[in-house]
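Visitor: I would like to go through this model and hear the reason behind each label. Where do we start?

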Amino acid sequence: MKNILYLGPYRQKDGWGQAGYNYLQSIVYATQKLGYQLKIAPVYFTGQVWDSLKSTEDTMSHLNQLENIDISNFDTIIQQGLPESLWYVPDINNVCITLLETQNMQHTKNKHILNRFDKILVPSRQEKTTLEQAGVKTPVSDILIPIDCNEIDAYLAKNKPLSSRYNDYVKFYFIGEF
């Protein structure tokens, strides 16, 4: 059986936290399907913390259970953060989920940090291309930030469809993180 440790900002109250929580949900699903053991620990990049993440006791209880599981030896560590916040752990499989805040990493220490990892996951092809152009040799996969479609379904169940409110004409604008 494999033991996995996930370190990420899933309790943080911002875009990083939402992405961390959504990635964590996918990791929980995958580890359950594969029969792996998972322990999690929060990482904080800001002082903003969810008072009650997703506002459900079940969710908080499940997170607390995963945080307090008794595992001391890990086969894999998955870390989520900017490259400069990640660290390599010897003698285990090191995976990082990272986002980039630059399109040119050629003259930064970040490529050297990332080259120590066994696998890198990024949320877009552009970030994958940026890493490859910077000389990162570690295998990189682009995996979109997961979206909890249950939240969309719950919203639609409580509210009228947009088309009935706007006479079948809706224009969407998006400004922010993807």
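Guide: With one cut-off: contact means heavy atoms within 4.5 Å. Keep in mind that this is a predicted model.

Visitor: Then what is Ile 40 in contact with, leaving aside its neighbours within four places in sequence?

Guide: Ile 40 contacts Leu 5, Tyr 6, Tyr 10, Leu 24, Leu 63, Leu 66 and Glu 67. Ile 40 also ranks among the residues with the most contacts inside the largest nonpolar core, along with Tyr 6, Tyr 10, Leu 24, Leu 38, Ile 78 and Ile 97. That core has 18 residues.

Visitor: Which elements give two or more residues to this core?

Guide: Strand S1 (3-8), H1, strand S2 (37-42), helix H2 (57-68) and strand S4 (93-97). H1 supplies the largest share, six residues. Another core, of 13 residues, lies apart from this one. Leu 86, Leu 100, Ile 113 and Phe 117 are among its members.

Visitor: What makes a set of residues a nonpolar core?

Guide: The residues must be buried, belong to a listed set of types such as Leu, Ile and Tyr, and be joined through side-chain atoms within 4.5 Å. Leu 24 is buried, and Leu 24 is one of the core residues with the most contacts.

Visitor: How do you know how far H1 reaches, and what is expected?

Guide: H1 covers residues 15-34, 20 residues in total. Its first and last C-alpha atoms are 29 Å apart, close to the 28 Å expected at 1.5 Å a residue. At its start, a side-chain oxygen of Asp 14 comes to within 3.1 Å of the backbone nitrogen of Trp 16. After H1 comes Gly 35, with a positive phi near 80°.

Visitor: Why is Gln 80 called buried?

Guide: The cut-off is under 20% relative accessible area. Gln 80 has 2% relative accessibility, so it counts as buried. It sits in strand S3 (residues 76-80). Not counting residues up to four places away, it touches Tyr 6, Trp 16, Tyr 23, Phe 45, Leu 86 and Ile 97, among others.

Visitor: What joins the side chains of Gln 80 and Tyr 6?

Guide: A polar contact of 2.6 Å. The limit for such a pair of N or O atoms is 3.5 Å.

Visitor: How many salt bridges are there by this model's rule?

Guide: Two. The rule asks for a side-chain nitrogen of Lys or Arg within 4 Å of a carboxyl oxygen of Asp or Glu. In the pair of Arg 11 and Glu 67, the closest N and O atoms are 2.8 Å apart. Arg 11 lies in the loop between S1 and H1 and Glu 67 in helix H2, so this pair ties together parts 56 residues apart in sequence. Both Arg 11 and Glu 67 are buried.

Visitor: What about the pair of Asp 142 and Arg 125: how far apart are the closest N and O atoms?

Guide: They are 4.0 Å apart, and the pair counts as a salt bridge. Asp 142 is in strand S6 (residues 140-142) and Arg 125 in helix H4 (residues 125-134), 17 residues apart.

Visitor: Are these two residues buried, partly exposed or exposed?

Guide: Exposed means over 50%, and partly exposed lies between 20% and that value. Asp 142, at 33%, is therefore partly exposed. Arg 125, at 66%, is exposed.

Visitor: And how much of the chain is buried?

Guide: Of its 178 residues, 39% count as buried. The chain comes to six helices and six strands.

Definitions and conventions: Residues are numbered from 1 along each chain as its sequence is written. This is a predicted model: local features need pLDDT of at least 70, side-chain atom pairs count only at pLDDT 80 or more; totals for chains, interfaces and linings use all residues. Side-chain values use heavy atoms; hydrogens and water are left out. Helices (H or I, at least four residues) and strands (E, at least two) are DSSP runs, numbered from the N terminus. The expected span of a helix is 1.5 Å times one less than its number of residues. Buried means under 20% relative accessible area, exposed over 50%, partly exposed in between (1.4 Å probe, protein chains only). A polar contact is a pair of N or O atoms within 3.5 Å; within protein, one must be able to donate a hydrogen and the other to accept it, and residues adjacent in sequence count only if both atoms are side-chain atoms.
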